[in-house]
Amino acid sequence: MGTPAGEVVTRTVEAPGIHEARARLEREGFRVFNVTPPRTSGVTALTRLGRGGAHPKVKANDFLLFNQQLAALVRAGIPILQAISMLRKRAASSRLRAVLGDVEEQIRGGAALSQAFASQGSIFPRIYTASILAGERSGALDEVLSRYVSYMRRNVALRRKIRGALAYPLFLLFASACMVTFLTIYVVPRMSELFSGFGNELPTVTQIVVGISRWLSSNVIWFGPLVIGGAILLFIWSRTPNGKLQISKLILKIPLAGNLAVQLSVAQATRSLATLLAGGITLVESWEIASESITNLELRRRSSSILPMIREGRSFTESLETAAWMPPLAIDMIGIGERSGSLREMLDEVAVFYDAESEVRLEQLTTTLEPAILVVMGGVVVTILLAIYLPIIQSISSGAGVTGHHR
């Protein structure tokens, strides 16, 4: 293409298609002579094979167990076809059995193991099929499988820690909400009938709570479905690409949670990249696949500029700095590894370091959430109880005052 200064240059851009790339460059003032799409061969092309549409993925625990057994069988020298056949018969998951049946048929037809797995589409992650292909090329499939098993064990363990850490705060929030709902809709309306016989003016807090309770009780027929419908719509929106992106942006703005999301993404991306590089896959192809492991869509969007910069010949460290989301310490460590020729080993170190950091941050988040939920919900419950007991105390005090006056 030609620049406004009259020079002829070549440039790599990210775009959905050829026409979009041409239009984008022309808007920037370039005269485009030719647009060439990227190569469609190699690891990244293979891992894009498969059937269109969405397919339910195999459960992580079932997939981990399958790979542990497959690695052991391959290490023992059992042929791939025989190993897949044995594992298909023993698989506890019906979904995994069906997938392995199709894989077995393709291998019988002459397909390689990596190609048979890649043809299953989104059922298996791209990092898995890329690792299998690397193992086939290098002749060290058992080592690649063992490395992937270690990678997956860490991921599964991390998911369990996150779920375990958030289980109690969520249960506490649910139980508190149920208690408040019960007091507001059932207890307070019945107590308000008792208050009407006191004859005294009710305290302000009681008037407010009783007013809210009466409104909820009288409008529960339409308010309840409205809340449920709103929750369903919010859930559906959160599953859309725009909804996921907006939620990802919101998470990054929340104290503690934003730092935790960044640290988890650093650990996941560097571990995925190290696993692929260890299999002999090039840095360009490895990063294209590893970037998909970044679960926060906003961070993944910021990372989209890294791949074109690597293709243009810039260093990996410089590309990460341009993305401007990875912590400086991680970039410094990766830079040292890149300059010393030990990038893969340093990526493993970064992943281990940020795994430990994310565990500390997760503990801080949960220890902050629990008392915060208790204080807020406890304040609501205390307010409701005050609204119930203040009129009773006021009535008793008035009765005692009248008795004393008669004496």
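The side chains of R301 and E298 meet in a salt bridge, with 2.7 Å from N to O, and this contact belongs to a predicted model. Both residues lie in helix α13 (residues 297-302), three residues apart, which is about one turn of the helix. The protein chain that holds this pair has 407 residues, of which 40% count as buried, and its secondary structure consists of 17 helices and zero strands.

**Overall make-up of the chain**

- Among the contacts in the protein chain with a separation of 6 or more, 63% are accounted for by residues 24 or more positions apart.
- The protein chain exposes about 22600 Å², and carbon and sulfur atoms supply 60% of that area.

**Salt bridges**

- The count of salt bridges comes to 11, and the pairing rests on a general principle, namely that side chains of opposite charge can pair when their charged atoms come close.
- In the bridge within α13, E298 counts as buried because its relative accessibility is 5%, under the 20% limit, whereas R301 is partly exposed, with a relative accessible area of 44%.
- R88, E104 and R108 are joined into one network by salt bridges that share partners.
- R271 and D355 form a salt bridge through their side chains at 2.0 Å, N to O, and this pair links distant parts of the chain, with R271 in helix α11 (residues 257-278) and D355 in helix α17 (residues 343-406), 84 residues apart.
- Both partners of that bridge, R271 and D355, are buried.
- E288 and R311 also form a salt bridge, in which the closest N and O atoms are 3.5 Å apart; here E288 lies in helix α12 (residues 283-290) and R311 in helix α14 (residues 306-311), so that the pair links distant parts of the chain, 23 residues apart.
- E288 is buried, with a relative accessible area of 11%, while its partner R311 is partly exposed, with a relative accessible area of 36%.

**Aromatic pairs and a charge over a ring**

- The count of aromatic pairs comes to 14, and one of them joins F63 and Y128 edge-to-face, at 4.8 Å centre to centre and with 75° between the planes.
- Because F63 lies in helix α3 and Y128 in helix α7, this pair ties together parts that are 65 residues apart in sequence.
- F63 counts as buried at 4% relative accessibility, and Y128 is buried as well, with a relative accessible area of 1%.
- The rings of Y128 and F124 have their centres 5.9 Å apart and their planes at 40°, so this pair is tilted; F124 counts as buried at 3% relative accessibility.
- Ring pairs link a cluster made up of F63, F66, F117, F124, Y128, Y148 and Y151.
- Elsewhere, the charged end of R190 sits over the ring of Y186, 4.0 Å from its centre.

**Helix α4 and its cover**

- Helix α4 (residues 80-90) has A83, I84, S85 and L87 as buried residues, and what covers the buried residues of α4 includes α3 (60-75), α5 (94-108) and α6.

**The loop position S122**

- S122 lies in the loop between α6 (113-118) and α7 (126-138), and at 31% relative accessibility S122 counts as partly exposed.
- S122 and K57 are 65 residues apart in sequence, and their C-alpha atoms are 7.2 Å apart in space.

Technical notes:
Residues numbered from 1 in each chain as written. Predicted model: local features only at pLDDT ≥ 70, side-chain atom pairs only at ≥ 80, totals over all residues. Heavy atoms only, no water. Helix = DSSP H or I, 4+ residues; strand = E, 2+ residues; numbered from the N terminus. Buried < 20%, exposed > 50% of the residue type's maximum accessible area, 1.4 Å probe, protein only. Contact = heavy atoms within 4.5 Å. Areas by Shrake-Rupley, 256 points an atom, 1.4 Å probe, with all protein chains shown as cover. Phe/Tyr/Trp six-rings, centres within 6.5 Å; stacked < 30°, edge-to-face > 60°. Lys NZ or Arg CZ within 6 Å of the ring centre and 35° of its normal. Salt bridge = Lys/Arg side-chain N within 4 Å of Asp/Glu carboxyl O.
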